[in-house]
Amino acid sequence: MMELEYIEHISPILKDGVKNYLIDIDGTITEDVPNEEPERMVTCEPFPDALETINKWYDEGHQICFFTSRTENLKQVTIDWLDKHGFKYHSVLCGKPRGGNYHWIDNHLVRATRYKGRFTDLVEKQVTIEVFKEEE
């Protein structure tokens with residue numbers, strides 16, 4: 001159960017130290033399987049480091065949501081696959097826009113980590129990002 005703090009009529013926030021992970025599936029925790037080849041969604045194998053790291057984050061109390069561009073009609077095959085391979089998670093969201101070069105705009109702080117072939121614990125790194133211009 002997600003522990004949230006509620007402050008009068010604004011979006012809830014997670015308890016200190018808890019992260020809300022939104023994790024892609026295809027090309028991130030398993031091979032890149034397009035929606036046009038759903039039969040491969042049943043037979044593909046998870047990346048072992050992804051399974052281990054995600055389950056560790058879950059056990060540490062973080063929220064795990066798989067956010068995929070798989071369509072809603074493929075949600076059950078996706079859930080069955082996640083369960084079959086032992087992924088621990090709280091939710092699955094389908095319908096993420098296909099393609100890439102995402103630029104997420106939100107009223108909450110969003111941190112993005114691009115998957116580059118290996119799941120590990122996250123490390124801090126200083127980078128340059130695009131933000132809205134501040135009022136003067």
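A salt bridge is a side-chain nitrogen of Lys or Arg within 4 Å of a carboxyl oxygen of Asp or Glu. The model shown in these close-ups is predicted.

**View 1. Asp26 and Arg70 form a salt bridge.** The side chains of Asp26 and Arg70 meet with N and O 2.9 Å apart. The pair links distant parts of the chain, 44 residues apart. Asp26 sits in the loop between strand 3 and helix 1. Arg70 sits in the loop between strand 4 and helix 3. Asp26 is buried, because its relative accessible area is 11% and the limit for buried is under 20%. Arg70 is buried as well, at 0% relative accessibility. In the whole structure there are nine salt bridges.

**View 2. Thr28 is buried in a loop.** The loop holding Thr28 runs between strand 3 (20-23) and helix 1 (40-43). Thr28 counts as buried because its relative accessibility is 11%. Its side chain makes a polar contact of 3.1 Å with the side chain of Asp24. Beyond its neighbours within four places in sequence, Thr28 is in contact with Ile23, Phe47, Ala50, Tyr115 and Phe119. Glu72 lies 44 residues from Thr28 along the chain, and the C-alpha atoms of the two are separated by 19 Å.

**View 3. Lys96 meets Asp24 through a polar contact.** Lys96 belongs to the segment after strand 5. Is Lys96 buried or exposed? Lys96 counts as buried, at 12% relative accessibility. The side chains of Lys96 and Asp24 make their polar contact at 3.1 Å. Asp24 also has a polar contact with Thr28, side chain to side chain. Not counting residues up to four places away in sequence, Lys96 touches Asp24, Phe67, Thr68, Ser69 and Tyr102.

**View 4. Tyr115 and Phe119 form a tilted ring pair.** By the ring-pair rule, the structure has eight aromatic pairs. In the pair of Tyr115 and Phe119, the ring centres are 5.4 Å apart. Their planes meet at 35°, so the pair is tilted. Tyr115 is partly exposed, with a relative accessible area of 22%. Phe119 is buried, with a relative accessible area of 10%. Both rings belong to a cluster that ring pairs build from Tyr21, Phe47, Trp57, Tyr115 and Phe119. Thr28 is in contact with cluster members including Phe47, Tyr115 and Phe119.

**View 5. The largest nonpolar core has 20 residues.** Those with the most contacts inside the core are Ile23, Ile29, Ile54, Ile64, Phe66, Leu82 and Phe87. Strand 3, helix 2 (48-59), strand 4 (63-67) and helix 3 (75-84) each supply at least two residues of this core. Which element gives the largest share? Helix 2 does, with three residues. Among the contacts of Phe66, leaving aside neighbours within four places in sequence, are Ile23, Ile29, Ile54, Leu82 and Phe87. Phe66 is also in contact with Asp24, Ile25, Tyr89, Ser91, Val92 and Leu93.

**View 6. Helix 2 carries five named buried residues: Ala50, Thr53, Ile54, Asn55 and Trp57.** What covers these residues includes strand 3 and strand 4. An α-helix has 3.6 residues a turn, so residues three or four places apart point the same way. Helix 2 has 12 residues. Its first and last C-alpha atoms are 17 Å apart, close to the 16 Å expected at 1.5 Å a residue. Just after helix 2 comes Gly61, with a positive phi of about 100°.

**View 7. Lys56 and Asp121 form a salt bridge.** Their closest N and O atoms are 2.5 Å apart. Lys56 lies in helix 2 and Asp121 in the segment after strand 5 (91-93), so the pair ties together parts that are 65 residues apart in sequence. Lys56 is partly exposed, with a relative accessible area of 31%. Asp121 is partly exposed too, at 43% relative accessibility.

**View 8. Glu31, Glu37 and Arg40 form one salt-bridge network.** The network arises from salt bridges that share partners. In one of its bridges, the side chains of Arg40 and Glu31 meet at 2.6 Å, N to O. Arg40 counts as partly exposed, at 25% relative accessibility. Glu31 is partly exposed, with a relative accessible area of 34%.

Technical notes
Residues numbered from 1 in each chain as written. Predicted model: local features only at pLDDT ≥ 70, side-chain atom pairs only at ≥ 80, totals over all residues. Heavy atoms only, no water. Helix = DSSP H or I, 4+ residues; strand = E, 2+ residues; numbered from the N terminus. Buried < 20%, exposed > 50% of the residue type's maximum accessible area, 1.4 Å probe, protein only. Contact = heavy atoms within 4.5 Å. Polar contact = N/O pair within 3.5 Å; in protein donor to acceptor, adjacent residues only side chain to side chain. Core = buried A, V, L, I, M, F, W, Y, C linked by side-chain atoms within 4.5 Å. Phe/Tyr/Trp six-rings, centres within 6.5 Å; stacked < 30°, edge-to-face > 60°. Expected span 1.5 Å × (residues − 1).
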